[in-house]
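Notebook open, model loaded. I want to go through it piece by piece and jot down what turns up.

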Amino acid sequence: MANHDTEPLLQLKDLKTYFKLNGGAMLHAVDGINLDIYEGETIGVVGESGCGKSTLGRSILRLIEPTSGQIIYKGEDVTKISQRKFRPLRQDLQIIFQDPYASIDPRKSVIEVIAEYMLIHKTYKRRADIYNRAAELMDLVGLARRYANMYPHELDGGRRQRIGIARALSLRPKFIVCDEPVSALDVSIQAQILNLLMDLGDELGLTYLFITHDLSVVKHISDRIMVMYLGQAVEIAPSEELFNNPLHPYTQALLAAIPEPDLSKRDIPFKTIKGEVSSPINVKPGCRFCKRCEYTKPECEGTNKPLNEVLPGHFVACELHK
């Protein structure tokens with residue numbers, strides 16, 4: 001569990017990532033994210049498809065270069081340093097991708113894929129030591145060594161994702177972006193991978209940014225949750241607090257959409273979000289959810305809403321909670 005009395009491991013300050021479109025218009029994929037991430041904690045990031053979750057994760061790792069703002073890692077602003085100087089930090093900052101097969105070179109065997117990053121960064125002087133470490137990582141993620149010389153297409157999705165996890169762990173990182181790592185897997189396999197990530201987090205002291213659209217998954221794994229809507233954070237709270245006391249109308253609508261397995265509650269009316277998602281291109285100031293919100297007031301438009309701490313550790317950007 002993270003210690004919030006210490007300095008954050010990673011800080012995002014007004015982070016923005018825009019994409020220029022034909023004609024000069026700007027798509028606001030990530031628009032002013034402020035977030036402190038503490039060592040040892042798991043931050044869940046949820047929201048509809050297209051809200052900027054994956055772009056945020058890639059921007060933190062500078063796989064996509066941010067437009068403006070700051071990424072502060074261990075007290076140092078790493079936003080504008082050259083890629084050459086940023087390269088050693090890639091050992092500390094890793095990512096597990098959504099599609100395990102698309103992120104793996106199909107021409108390499110399992111052991112070669114896991115050893116790939118260690119060979120690039122020359123983690124050990126001898127290649128034999130690198131491959132010995134790769135075999136140890138197979139043990140760590142629950143991948144039998146008999147698969148070492150097989151190829152990714154010969155394995156199922158769960159085993160491929162274990163390869164991706166082993167490769168991400170190969171450089172002994174401190175922080176890992178998990179970009180929907182279980183969404184492409186069967187439900188039973190999802191549970192295995194989630195439990196593996198949680199066990200590894202505890203065992204190795206890892207810090208996760210866990211991106212998902214599955215609210216049941218994010219509740220299971222996260223210490224705190226950030227809800228995103230059209231590139232902005234609309235609510236941040238401890239996991240249990242967010243599920244028990246959602247304050248932003250968008251968060252309330254998301255939670256209301258979770259399927260209810262209890263048949264005795266099947267007569268409860270199903271709450272839907274009306275209207276269409278606003279365009280993220282050349283966005284005007286104001287609450288981006290207001291056109292779909294049943295509580296919209298005139299004050300909701302015209303100025304962007306900052307995140308206010310309305311309860312201890314519970315931040316929300318809404319006119320209803322100022």
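**Helix α1.** I started here and listed the buried residues: Lys53, Thr55, Leu56, Gly57, Ser59 and Ile60. That is six of the eight residues in α1, which runs over residues 53-60, so I put the helix down as mostly covered. A reminder to myself that this is a predicted model.

**Just past the helix.** Arg62 comes just after α1 and takes a positive phi of about 60°. I then checked where the side chain goes: the charged end of Arg62 sits over the ring of Phe86, 5.0 Å from the ring centre. I noted another arginine over a ring as well, with Arg160 lying over the face of Tyr101 at 4.4 Å from the centre.

**Aromatic pairs.** I looked up how many there are, and the structure holds three. The one I wrote out is Tyr229 with Phe289, an edge-to-face pair at 5.2 Å centre to centre and 85° between the planes. This pair joins distant parts of the chain: Tyr229 belongs to strand β9, Phe289 to the loop between α9 (249-256) and β11 (308-311), and they are 60 residues apart. Both Tyr229 and Phe289 are buried. Adding Tyr250 to these two gives one aromatic cluster.

**Cysteines.** How many disulfides does the structure hold? I found zero. Why is Cys51 without a bond? The closest cysteine sulfur, in Cys287, is 14 Å from that of Cys51, which is too far. Cys51 is also buried, at a relative accessible area of 3%. Cys300 is in no disulfide either: its nearest cysteine sulfur is again that of Cys287, 5.8 Å away, and a disulfide needs the two sulfurs within 2.5 Å. Cys300 counts as buried because its relative accessibility is 9% and the cut-off is under 20%.

**Largest pocket.** Last stop. Its volume comes out at about 630 Å³. The lining takes in 33 residues, and those closest to the centre are Gly32, Asn34, Ala233, Pro306 and Leu307. I checked which elements give two or more residues to the lining: β1 (10-20), β2 (26-37), β9 (224-229) and β10 (232-238). β2 has the largest share, with six residues. By class, I logged 16 nonpolar, eight polar and nine charged residues in the lining. Strand β9 is an element I had already met, as the home of Tyr229 in the aromatic pair.

Definitions and conventions. Residues numbered from 1 in each chain as written. Predicted model: local features only at pLDDT ≥ 70, side-chain atom pairs only at ≥ 80, totals over all residues. Heavy atoms only, no water. 1 Å grid on protein atoms, 1.4 Å probe; cavity = no way out; pocket = protein on both sides within 12 Å on 5 of 7 lines; lining within 4 Å. Points joined across faces, edges and corners; volume = space filled by probe spheres on them. Helix = DSSP H or I, 4+ residues; strand = E, 2+ residues; numbered from the N terminus. Nonpolar A, V, L, I, M, F, W, Y, C, P; charged D, E, K, R; others polar. Buried < 20%, exposed > 50% of the residue type's maximum accessible area, 1.4 Å probe, protein only. Phe/Tyr/Trp six-rings, centres within 6.5 Å; stacked < 30°, edge-to-face > 60°. Lys NZ or Arg CZ within 6 Å of the ring centre and 35° of its normal.
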